[in-house]
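Here are a few friendly notes to read alongside the model. Keep the viewer open and look up each residue as you reach it.

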Amino acid sequence: MAAKAPSLEAQQQGGGSAGTKPGLRKPVFVKVDSLKPGTTGHTLVVKVLESTTVLSKKPRNPTFRGAQNQNTRIAECLIGDETGTILTARNDQVLIARAYELELGLVEMMKPGNTVILRNAKIDMFKGSMRLAVDKWGRVEVTEPAEFVVKEENNLSLLEYELVNVEES
């Protein structure tokens, strides 16, 4: 007798054979006030409030061609939603590469006033404060303007954390 093939529904739930991929999970959107130190994999819809350049360096060897010889510009942005705000740092080279990916040209994605979706973001600690980081495994997408009003009084980047070592006995 022939063995019955697993149904499409079973394959999408991860019960398929070894050769099939499980179905993609739907993103779970979180709010800024639920972010905690050391967490990863966040997807947020936020508005960009401010964007300031904190580092701008020219390449060491301008005659050498390659990715490591491009200008480095790191911008720190204040972003938020209806629950609070947080700072995020981002290298413009990655933003420009993503802009080409999305066929937006050299559009600055993190411009004040833009509404963006941050996918696969993580919380990094910088001098005891939280920063939301989107690295090469994450994604920044400009989306249509959101209707919410940003709660600027609740800035999570102003909270200071301290690492406490606990001795086990």
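**Notes on the predicted model**

1. Let's begin with how the chain folds back on itself. Of the contacts in the protein between residues at least 6 apart in sequence, 61% join residues at least 24 apart. Please keep in mind that this is a predicted model.

2. Next, the order of the elements. There are two helices and six strands in the protein. Starting at the N terminus, they follow the pattern α-β-β-β-α-β-β-β.

3. How confident is the predictor, and where should you take care? The mean pLDDT of the protein is 75, with 64% of its residues reaching 70 or more. Over residues 6-16, pLDDT stays under 50, and the model has nine contacts for this stretch beyond four places in sequence. Residues 96-107 also have pLDDT below 50, and the model gives this stretch 18 contacts beyond near neighbours in sequence.

4. Now the inside and the outside. The protein has 169 residues, and buried ones make up 30% of them. About 11900 Å² of the protein is exposed, and carbon and sulfur atoms supply 53% of that area.

5. Which residues have the most contacts inside the largest nonpolar core? They are Leu35, Ile79, Ile86, Leu118 and Leu132, in a core of 19 residues. Two or more residues of this core come from each of β1 (42-57), β2 (72-81), β4 (115-126) and β5 (129-133). With four residues, β4 gives the most to this core.

6. Leu35 deserves a click of its own. Setting aside residues up to four places away in sequence, Leu35 touches Val30, His42, Leu44, Ile86, Ile123, Met130, Leu132 and Leu156. Two of these names should look familiar: Ile86 and Leu132 are, like Leu35, among the residues with the most contacts inside the largest nonpolar core.

7. Glu152 shows how sequence and space can tell separate stories. You will find Glu152 in the segment after β6 (139-143). Glu152 is 103 residues from Leu49 in sequence, yet their C-alpha atoms are 9.3 Å apart in space. Beyond neighbours within four places in sequence, Glu152 is in contact with Leu49 and with Thr85.

8. Finally, the rings. How many aromatic pairs does the count give? By the rule used here, it comes to zero. One ring does have a charged partner: Lys47 lies over the face of Phe148, at 5.2 Å from the ring centre.

Conventions: Residues are numbered from 1 along each chain as its sequence is written. This is a predicted model: local features need pLDDT of at least 70, side-chain atom pairs count only at pLDDT 80 or more; totals for chains, interfaces and linings use all residues. Side-chain values use heavy atoms; hydrogens and water are left out. Rings of Phe, Tyr and Trp (its six-membered ring) pair if their centres lie within 6.5 Å; planes under 30 degrees apart count as stacked, over 60 as edge-to-face and the rest as tilted. A charge sits over a ring if NZ of Lys or CZ of Arg is within 6 Å of the ring centre and within 35 degrees of the ring normal. pLDDT is the predictor's confidence in each residue, from 0 to 100. Contact means heavy atoms within 4.5 Å. A nonpolar core is a set of buried Ala, Val, Leu, Ile, Met, Phe, Trp, Tyr and Cys residues joined through side-chain atoms within 4.5 Å. Buried means under 20% relative accessible area, exposed over 50%, partly exposed in between (1.4 Å probe, protein chains only). Accessible areas come from the Shrake-Rupley method with a 1.4 Å probe; for residues, only the protein chains shown count as cover.
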